[in-house]
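Visitor: I am new to this structure and would like to learn how to read its features one at a time. Could you take me through them slowly?

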Amino acid sequence: MGKGKKPEMEVVGAEGCKCGGCKKPQFRFTFCSEHYDWFKFGLITKAGQKVTDFDKKFDHFVAYQERMKTAKAA
């Protein structure tokens with residue numbers, strides 16, 4: 001590793017979700033299905049850490065999911 005470079009991301013478990021404290025099996029990109037949706041929506045980083053504006057984005061995510069439920073029912 002070169003001087004000043006960040007170390008590569010650590011994979012917590014070969015079969016577990018990378019998001020902190022989650023014990024579910026991996027689904028895609030080292031995340032379980034729930035946390036993969038969070039990753040796609042921008043709630044967590046590739047390393048599984050929450051983004052700085054997580055609360056604001058989470059509110060938008062919940063509203064989006066509610067809209068998708070009503071759209072499918074109609």
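Visitor: In which helix do K40 and D37 both lie, and how many residues apart are they?

Guide: Please keep in mind that this is a predicted model. As a general idea, side chains of opposite charge can pair when their charged atoms come close. Here K40 and D37 both lie in helix 1, three residues apart, which is about one turn of the helix, and their side chains meet in a salt bridge with 4.0 Å from N to O. K40 is exposed, with a relative accessible area of 57%, whereas D37 is partly exposed at 30%.

Visitor: How many salt bridges does the structure hold, and which residue pairs with K24?

Guide: The structure holds four salt bridges, and one of them joins K24 to E34, with the closest N and O atoms 3.2 Å apart. Because K24 lies in the segment before helix 1 and E34 in helix 1, this pair ties together parts that are 10 residues apart in sequence. Both partners are partly exposed, K24 with a relative accessible area of 42% and E34 with 35%. Another salt bridge is formed by E66 and K69, whose closest N and O atoms are 3.8 Å apart; these two residues are three apart in helix 2, about one helical turn.

Visitor: How should I read the interior, and which residues make up the largest nonpolar core?

Guide: In soluble globular proteins, nonpolar side chains tend to be buried together. In this model the largest nonpolar core has 11 residues, among them C17, C19, C22, C32, F31, W38 and F61, and helix 1 (33–41) and helix 2 each supply at least two residues of this core. C19, leaving aside residues up to four places away in sequence, touches F31, H35, I44 and G48.

Visitor: With cysteines in that core, how many disulfides does the structure hold?

Guide: The structure holds zero disulfides. C17 is in no disulfide, and the nearest cysteine sulfur, that of C32, is 3.8 Å away. The sulfur of C22 likewise has its closest cysteine sulfur in C32, at 3.8 Å, which is too far for a bond, because a disulfide needs the two sulfur atoms within 2.5 Å. C17 counts as buried at 4% relative accessibility, and C22 is buried as well, at 15%.

Visitor: Turning to the surface, which residues make a nonpolar patch there?

Guide: F41, Y64 and M68 make a nonpolar surface patch of about 240 Å². Y64 lies in helix 2 (residues 54–73) and is partly exposed, with a relative accessible area of 34%.

Technical notes
Residues are numbered from 1 along each chain as its sequence is written. This is a predicted model: local features need pLDDT of at least 70, side-chain atom pairs count only at pLDDT 80 or more; totals for chains, interfaces and linings use all residues. Side-chain values use heavy atoms; hydrogens and water are left out. Patches are made of residues with over 30% relative accessible area and no salt bridge: like charges are joined within 9 Å, nonpolar side chains (Val, Leu, Ile, Met, Phe, Trp, Tyr) within 5 Å. Accessible areas come from the Shrake-Rupley method with a 1.4 Å probe; for residues, only the protein chains shown count as cover. Helices (H or I, at least four residues) and strands (E, at least two) are DSSP runs, numbered from the N terminus. Buried means under 20% relative accessible area, exposed over 50%, partly exposed in between (1.4 Å probe, protein chains only). A nonpolar core is a set of buried Ala, Val, Leu, Ile, Met, Phe, Trp, Tyr and Cys residues joined through side-chain atoms within 4.5 Å. Contact means heavy atoms within 4.5 Å.
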